Amino acid sequence: MSEASIIANCKKGDRIAQKTLFDAYAKGMLLLCRRYVRDKEDAEEVLLNGFQKFFATIERFEYSGDNSIGGWLKKIMVNECFMFLRKNRNITFVEEEFAENITLDEEVFEKMNAGIILQLINALPDGYRMVFNLYVIEGYNHREIATLLNISEGGSKSQLNRAKAFLQKRLVNKQIVL
Amino acid sequence: MRTDRAEEIIRQKITALETTEDDTSVDTGKLWEALHRQSNKNISRKKQFAFYWAAAAIVLIIIAIGFLLLPAQVNYNDTLATTEPTDTSAAIFCTIETTNEEAFSSEYLDPPGMYAMPADAMICYNTNIPDTILSD
């Protein structure tokens, strides 16, 4: 069954189509949730809330090709993660300017396994990790991040550079096995 | 377009990992069941919420109707007070429990037509009542 017809059936409230969609995306979305919410059970709670929202608002979703479901789900999940973190954690962002503009070593990351990169990202402190995930992986710009996290654009840039410096330091210290 | 090549590599690798993720330790069946339970719970919560709102609305409507009826009764009693008979020997001091004018009847009153009110709604507390009224 094509994704377009699965979506059409989901809109009709077809449970089998909903389960097919859930099975196809749940694992990947759980991984995304765990990039923001480290605890597995918390991440699962966020995932379920996200899917519930997805199915509740599926009428408004227009299928427009291969990546459209994943893209839409990602947006929902990221928002759910932020709602969860705002409710349950008190995350502080360092607003001070971080003068140094850090550039990560591309060769190191080229050789590195995706699972290890994920471990590295998950080891970042909460504030750094959120900005790093949003900017580098989700592709948000600093203005969008600033709005989402209620910080300044400079604060967002600063968090990103601090995150990169943290990653670089871990690589230099050879704490990560390539 | 991002210029940092390392960032681009990280983004591609993580996106690919999340797209092709097949972690066997994640039981999607269990998660699906949990999603079902959660949505059912939410539905019953919604029903409960709707029930409480409906109950509150009914109570408010009853209170509102009560407030609307109260002034009507008071007004009628005021009118009644001005039509008290002068002949106290056969006087009936009554209060009224309805404002339905069609149900009014004065045929048993003395003098007839002196004060109109529904015969079945009268609570009379004067013992000096003519037999013509009591016998009916």
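Which residue forms a salt bridge with A:Lys53, and how far apart are the closest N and O atoms? The legends below, which describe a predicted model, begin with this pair.

**Figure 1. A salt bridge between helices H3 and H4 of chain A.** A:Lys53 forms a salt bridge with A:Glu80, and the closest N and O atoms of the two are 2.5 Å apart. The pair links distant parts of the chain, since A:Lys53 belongs to helix H3 and A:Glu80 to helix H4 (residues 68-88), 27 residues apart. A:Lys53 is partly exposed, with a relative accessible area of 38%. A:Glu80, at 6%, is buried, because a residue under 20% counts as such.

**Figure 2. A salt bridge within helix H3 of chain A.** A:Glu44 and A:Lys40 are joined by a salt bridge, with 3.9 Å between the closest N and O atoms. Both residues lie in helix H3 (residues 40-56); because they are 4 residues apart, about one helical turn separates them. A:Glu44 is partly exposed at 21% relative accessibility, and A:Lys40 is partly exposed at 33%.

**Figure 3. The surroundings of A:Ser156 in helix H9 of chain A.** Helix H9 spans residues 153-172 and contains A:Ser156. Is A:Ser156 buried or exposed? Its relative accessible area is 0%, so A:Ser156 counts as buried. Apart from neighbours within four places in sequence, A:Ser156 is in contact with A:Val131, A:His142, A:Ile145 and A:Ile151. Chain A as a whole has 9 helices and 0 strands, and 50% of its 178 residues count as buried. Among contacts in chain A between residues at least 6 apart in sequence, 71% join residues at least 24 apart.

**Figure 4. A salt bridge within helix H1 of chain B.** B:Arg11 and B:Glu8 form a salt bridge whose closest N and O atoms are 2.8 Å apart. The two residues are 3 positions apart in helix H1, about one turn of the helix. B:Arg11 is partly exposed, with 28% relative accessibility. The chain that holds this pair, chain B, has 3 helices and 2 strands, which follow the pattern α-α-β-β-α along the sequence. Of its 136 residues, 25% count as buried.

**Figure 5. The interface of chain B and chain A.** In this view, 28 residues of chain B are in contact with 44 residues of chain A. The size of an interface is often given as the accessible area lost when the parts come together. Here the buried area is about 3100 Å², and carbon and sulfur atoms give 64% of it. Between the two chains there are 9 residue pairs in polar contact. On the side of chain B that touches chain A, helix H1 (5-20) and helix H2 (28-82) each supply at least two residues. H1 of chain B gives the most, with 11 residues. The residues on this side of chain B comprise 10 nonpolar, 8 polar and 10 charged.

**Figure 6. Salt bridges that involve both chains.** Side chains of opposite charge can pair when their charged atoms come close. Across the interface of chain B and chain A there are 5 salt bridges, and the count over all chains comes to 13. In one salt bridge, the side chain of A:Lys164 meets that of B:Glu7, at 2.5 Å from N to O. A network of salt bridges links A:Arg35, A:Glu138 and B:Glu18.

Definitions and conventions:
Residues numbered from 1 in each chain as written. Chains lettered and ligands numbered in written order. Predicted model: local features only at pLDDT ≥ 70, side-chain atom pairs only at ≥ 80, totals over all residues. Heavy atoms only, no water. Contact = heavy atoms within 4.5 Å. Buried area = accessible area lost by both parts, 1.4 Å probe. Salt bridge = Lys/Arg side-chain N within 4 Å of Asp/Glu carboxyl O. Polar contact = N/O pair within 3.5 Å; in protein donor to acceptor, adjacent residues only side chain to side chain. Nonpolar A, V, L, I, M, F, W, Y, C, P; charged D, E, K, R; others polar. Buried < 20%, exposed > 50% of the residue type's maximum accessible area, 1.4 Å probe, protein only.
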